[in-house]
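Hi everyone, thanks for making room for me today. I'd like to walk you through one model, going from its cysteines to its sheets and then to a helix. Have a look at it first.

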Amino acid sequence: MAAFKSDFLHVLQSRGFIHQVSDAEALDALAAKGPITGYIGYDATASSLHVGHLLPIMMLHWMQQTGHRPVALMGGGTTRVGDPSGKDESRKILSRDDIAYNLSCIRTVFDRFLRFGEGPTNALMLNNDDWLAPLNYIDFLREVGRHFSVNRMLSFDSVKLRLERQHELSFLEFNYMILQAYDFVELHKRTGCVLQMGGSDQWGNIVNGIDLGRRMANAQLFALTAPLLTTASGAKMGKTAAGAVWLSADKLSVYDYWQFWRNTEDDDVERFLKLFTTLPLDEVAKLGALRGQEINEAKKVLATAATALVHGREAADGAAETARRTFEEGAIAATLPTLDIPRTELAAGVGVLTLFVRAGLVASNGEARRQIKGGGLRLNDEPISDEKLVVNASHLTAEDVVKLSFGRKKHMLLKPV
């Protein structure tokens, strides 16, 4: 392991963020000398970021904490094109209004992690639509496009995988890597940015930007990528049976977010504590050394610390207390996720399979049937044995709710309105 002189690269390396660095020695020397500016781009394909975006956000966080200036680049322009990296299908084309709405929602997440302002190490949030929208396309192709080799572009994994699988790659998407490279050069011109960071699947795109910077501005630019995360069992990090793990509380409850981290596999606990919390490394090492039942305490620390970064300490502590009461006392905690149901509909009765699907605890009636046969579904903490059970007002508890449970950790309260 290289001994970096700059706090920036030393912290990233010791916490497990570094997969590849271009010219690590020169970047380290530059970062040791004084503040540098680095960026990561985020496209606005949804109204919330998800757990998959957390690792790059943490990279920007540590960049600022070690005395440098991070730039969160919002892809208002590139979202209109679509990044083919890791995708088998073309991305749905969003309207300008959709993109603007998504960007306004996404911005709030960064306030939790970064300090914005005018100072030399205060974070910037920029939108690449500001320079991509006014481009004269013919001039752009003449000035920028001529620096790109189609042969080389075809060799990139993002393109190669789509072609090998015989999935269509539109000419629009093919341009994405040119636009991303141009973003890097434009940011260098506007802010003095010298570093682009991202996941390891972005290496080719970032190196394109370095090459373009040298050709167009005679600039020395740098790339730094993080490893693509999978869990210890090989699953893609941040995906669950229910879908993406969103960072916005109106798309995923704080309690469910806390539970996602609480359900971390044993072998991932120490790694995730390093990457997704700001706990000191000596504390992380102690927690990572726990074994057997004790590892569950480390998982609770991980869940609360990771949730506090996104939702605030008070909300994280509330989710932890809800979990404690639900599991240790069997209580129906008022802060469990709820699903409103018209009181008249409940009075008439609703099939139990339908309710579990509506609550998002299972994906289909078939899955609900299988879970009932295996004893996995409960109603008010009692195992369900009859798949034809009709849930009605007689099932309301003293708290005027019906508690649906899948296993020990997934719960939903049906609330008549």
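Let's start with Cys193, which counts as buried because its relative accessibility is 0%. For the cut-offs, buried is under 20% relative accessible area, exposed is over 50%, and partly exposed is in between, with a 1.4 Å probe and protein chains only. Cys105, at 23% relative accessibility, therefore counts as partly exposed. How many disulfides are there? The count comes to 0, where a disulfide is a pair of cysteine sulfur atoms within 2.5 Å. As a reminder, a disulfide is a covalent bond between the sulfur atoms of two cysteines.

A word on where the values come from: this is a predicted model, local features need pLDDT of at least 70, side-chain atom pairs count only at pLDDT 80 or more, and totals for chains, interfaces and linings use all residues. Residues are numbered from 1 along each chain as its sequence is written, and side-chain values use heavy atoms, with hydrogens and water left out.

Now the sheets. My helices (H or I, at least four residues) and strands (E, at least two) are DSSP runs, numbered from the N terminus. Two strands pair if DSSP finds at least two bridges between them. With that in hand, here is one open sheet: 6 strands, in the order E1-E6-E5-E2-E3-E4, with mixed pairing. Which strands sit at its edges? They are E1, residues 20-21, and E4, residues 124-127, and each pairs on one side only.

Please zoom in on E2. Of its 7 residues, 6 are buried, so the strand is mostly covered. E2 and E3 run parallel and are joined by 7 bridges, and one place to see this is Tyr42, whose bridge partner in E3 is Met74. Between these two strands comes helix H3, residues 54-65, and E2, H3 and E3 together make a right-handed β-α-β unit. Right-handed here means that, with the strands pointing away from the viewer, the path from the first strand over the helix to the second runs clockwise.

E2, residues 37-43, also pairs with E5, residues 195-199, in the parallel sense, over 2 bridges. Gly38 stands opposite Leu195 in E5, and Tyr39 stands opposite Gln196 in E5.

Those last two residues come up again with Gln180, which lies in helix H10, residues 176-191. Is Gln180 buried or exposed? Its relative accessibility is 6%, so Gln180 counts as buried. Contact means heavy atoms within 4.5 Å. Leaving aside neighbours within four places in sequence, Gln180 is in contact with Tyr39, Gln196, Gln202, Asn205 and Ile206.

Next, the helices that lie across this sheet. H4, residues 96-110, lies across E2, E3 and E4, and runs at about 160 degrees to E3. H11, residues 203-217, lies across E1, E5 and E6, and runs at about 170 degrees to E6. The axes are lines fitted to C-alpha atoms, for helices over the stretch in contact, and the angles run from 0 to 180 degrees between N-to-C directions.

In the loop between H11 and E6 you'll find Asn218. Its phi is near 50 degrees, a positive value in a residue other than glycine. At 69% relative accessibility, Asn218 counts as exposed.

On to another open sheet, this one of 5 strands in the order E9-E15-E14-E11-E12, again with mixed pairing. Its edge strands are E9, residues 338-341, and E12, each pairing on one side only. E14 and E15 run antiparallel and are joined by 5 bridges; Leu404, for example, stands opposite Met412 in E15. The loop between E11 and E12 holds Asn380, with a phi near 50 degrees. Asn380 counts as partly exposed, at 22% relative accessibility.

Last stop, helix H19, residues 365-373. Glu367, Ala368 and Ile372 are buried there. They sit on the same side of H19 because they cover an arc of only 140 degrees around the axis, taking the directions from the helix axis to the C-beta atoms. In general, an α-helix has 3.6 residues a turn, so residues three or four places apart point the same way.

What do the buried residues of H19 pack against? Their partners are helix H18, E11 and E14. The face turned away from the buried side carries the exposed residues Arg370 and Lys373. Just after H19, Gly375 takes a positive phi of about 75 degrees.
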